[in-house]
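Work through the following exercises with the sequence and the model at hand, and attempt each task before reading its solution.

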Amino acid sequence: MAEPDMEHDASQPIHVTSQRLEANDAKGFFIFTGEVQAQQGDVTMYAHKMTIYYSDGEQRQVDRVVAEKDVRIVQLNRVATGQNAVFWQKDGRVELTGDPRVVQGENVVEGEKIIVYLNESRSIVEGGKQGRVKAVFVPGESTE
């Protein structure tokens with residue numbers, strides 16, 4: 001699937017809104033629940049629950065974001081959905097599971113696990129035990 005030139009700026013702040021927040025400084029995480037929306041630059045992630053893990057040390061850095069239930073990730077014209085997602089901040093990588101699907105224009109890719117590299121305009125789709133990779137590519141489809 002040809003993809004538009006996408007670059008994710010991981011140095012930008014993450015803005016999160018939800019119905020509830022539980023912070024656990026001793027264990028290094030925040031749990032957001034209820035219609036959670038997290039936005040960093042041109043990437044917005046939606047889910048029912050998100051846990052943000054951060055590293056220890058003088059500068060708290062977000063390590064990863066674990067999103068659960070009805071996850072939707074939007075970056076420009078690319079939309080990725082699944083039941084679970086783990087966003088690795090440092091790598092700019094998202095791993096989707098639970099009926100994952102990526103739609104870009106009329107092009108669609110589905111599998112058991114989808115890994116989206118936000119900075120590299122590429123994805124890896126794995127079929128796994130549940131089935132094969134399924135893809136629909138529309139000839140002449142503009143990706144921008």
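**Exercise 1.** Which residue in S5 does Tyr 46 stand opposite?

Solution. The model is a predicted one, in which local features need pLDDT of at least 70 and side-chain atom pairs count only at pLDDT 80 or more, whereas totals for chains, interfaces and linings use all residues. Residues are numbered from 1 along each chain as its sequence is written, and side-chain values use heavy atoms, with hydrogens and water left out. Helices (H or I, at least four residues) and strands (E, at least two) are DSSP runs numbered from the N terminus, and two strands pair if DSSP finds at least two bridges between them. Tyr 46 stands opposite Arg 72 in S5. The strands S4 and S5 run antiparallel and are joined by 10 bridges.

**Exercise 2.** Determine how S5 continues into S6.

Solution. Begin with the pairing: S5 and S6 are antiparallel over 10 bridges, and Val 65 has Phe 87 in S6 as its bridge partner. Then inspect the turn, where 2 residues lie between the strands of this hairpin and Leu 76 has a positive phi of about 50°.

**Exercise 3.** Decide whether Thr 51 is buried or exposed, and list its contacts.

Solution. Thr 51 is placed in strand S4, which covers residues 43-54. Buried means under 20% relative accessible area, exposed over 50%, and partly exposed in between (1.4 Å probe, protein chains only). Because its relative accessible area is 5%, Thr 51 is buried. With contact taken as heavy atoms within 4.5 Å, and with neighbours within four places in sequence set aside, Thr 51 is in contact with Phe 29, Phe 30, Ile 31, Arg 64, Val 65, Val 66 and Glu 68.

**Exercise 4.** Describe the largest nonpolar core.

Solution. A nonpolar core is a set of buried Ala, Val, Leu, Ile, Met, Phe, Trp, Tyr and Cys residues joined through side-chain atoms within 4.5 Å. The largest one has 21 residues, of which Met 45, Met 50, Val 71, Ile 73 and Leu 96 touch the most other members. S4 gives the largest share of this core, 5 residues. Outside four places in sequence, the residues that Leu 96 touches include Val 71, Ile 73, Ala 80 and Ile 114.

**Exercise 5.** Place Glu 106 and classify its exposure.

Solution. Glu 106 lies in the loop between strand S8 (101-104) and strand S9 (107-110). Because its relative accessibility is 51%, Glu 106 counts as exposed. Its C-alpha atom is separated by 7.9 Å from that of Val 136, 30 residues apart along the chain.
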